[in-house]
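Subject: Structure handover and notes

Hello,

Please find the structure below, with the sequence. My notes come after it.

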Amino acid sequence: MPTISMFYGIVIQMFWNDHEPPLFHARYGEFKGIIDIRTLTMLEGDLPRRALNLILDWAELHQKELLIDWELCTKKQMPNKIAP
């Protein structure tokens, strides 16, 4: 699972074998969440509110890049790094 970004102790990753909808995984300490890239909502997880807000703000700024990385992952290609 490639790491595509890290900021404030949050790690953003994507899996090559993930299913639709386009999504990414976020980890913050022992907390995890799965975020839908198109709707910017948490599909599952237990992220603290502050971490989730940071993640969603970041994802909104980088939504196009995330969708490009999603496409790369579906083709089993290495996604691009995205700025924090």
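The notes go from the whole chain to the strand pairings and then to single residues.

This is a predicted model, in which local features need pLDDT of at least 70 and side-chain atom pairs count only at pLDDT 80 or more, while totals for chains, interfaces and linings use all residues. Residues are numbered from 1 along each chain as its sequence is written, and side-chain values use heavy atoms, with hydrogens and water left out.

Overall

The chain contains five strands and two helices. Their order along the sequence is β-β-β-β-β-α-α. Helices (H or I, at least four residues) and strands (E, at least two) are DSSP runs, numbered from the N terminus.

The radius of gyration is 11 Å, which agrees with the value near 12 Å that a compact globule of 84 residues would have. That radius is taken over C-alpha atoms, and the globule rule is 2.2 Å times the number of residues to the power 0.38. Along the principal axes, the C-alpha atoms fill a box of roughly 35 × 25 × 20 Å.

Of the 84 residues, 43% count as buried. Here buried means under 20% relative accessible area, exposed means over 50%, and partly exposed is in between (1.4 Å probe, protein chains only). The accessible surface of the chain is about 5100 Å², and carbon and sulfur atoms hold 56% of that. Areas come from the Shrake-Rupley method with a 1.4 Å probe; for residues, only the protein chains shown count as cover.

Among contacts with a separation of 6 or more, 35% are between residues 24 or more positions apart. A contact means heavy atoms within 4.5 Å.

On charge, there are 11 negative and 9 positive side chains, and the centres of the two sets are 3 Å apart. Lys and Arg count as positive and Asp and Glu as negative, while His and the chain ends are not counted. Each charge is placed at NZ of Lys, CZ of Arg, CG of Asp or CD of Glu.

Strand pairing

Two strands pair if DSSP finds at least two bridges between them. Strand β3 (residues 23-28) runs antiparallel to β4, and six bridges join them. The two form a hairpin with two residues between them, and G29 in the turn has a positive phi of about 60°.

Strand β4 (residues 31-36) also pairs with β5 (residues 41-45), again in the antiparallel sense, over four bridges. This hairpin has four residues between its strands, and L40 in the turn has a positive phi of about 55°.

I35 appears in both pairings: F24 stands opposite I35 in β4, and I35 stands opposite M42 in β5. D36 has T41 in β5 as its bridge partner.

Strands against helix

Which residues does L52 touch, not counting residues up to four places away in sequence? They are I35, M42 and L47. L52 itself lies in helix α1 (residues 49-61). Its relative accessible area is 17%, so L52 is buried. The C-alpha atoms of L52 and I35 are separated by 9.4 Å, with these positions 17 residues apart along the chain.

L40 lies in the loop between β4 and β5. With a relative accessible area of 18%, L40 is therefore buried as well. Leaving aside neighbours within four places in sequence, L40 is in contact with I35, L56, A59, E60 and Q63. From L40 to E60 the C-alpha separation is 7.2 Å, and the two are 20 residues apart along the chain. I35 is thus a contact of L52 and a contact of L40.

Backbone points to check

E20 and P21 are joined by a cis peptide bond, with omega about 0°. P21 is in the loop between β2 (10-13) and β3.

Y8 has a phi near 50°, a positive value in a residue other than glycine. Y8 is placed in the loop between β1 (3-7) and β2. Is Y8 buried or exposed? Y8 counts as exposed because its relative accessibility is 66%.

K76 also has a positive phi, near 60°, and is a residue other than glycine. K76 sits in the segment after α2 (63-74). At 53% relative accessibility, K76 counts as exposed.

Regards
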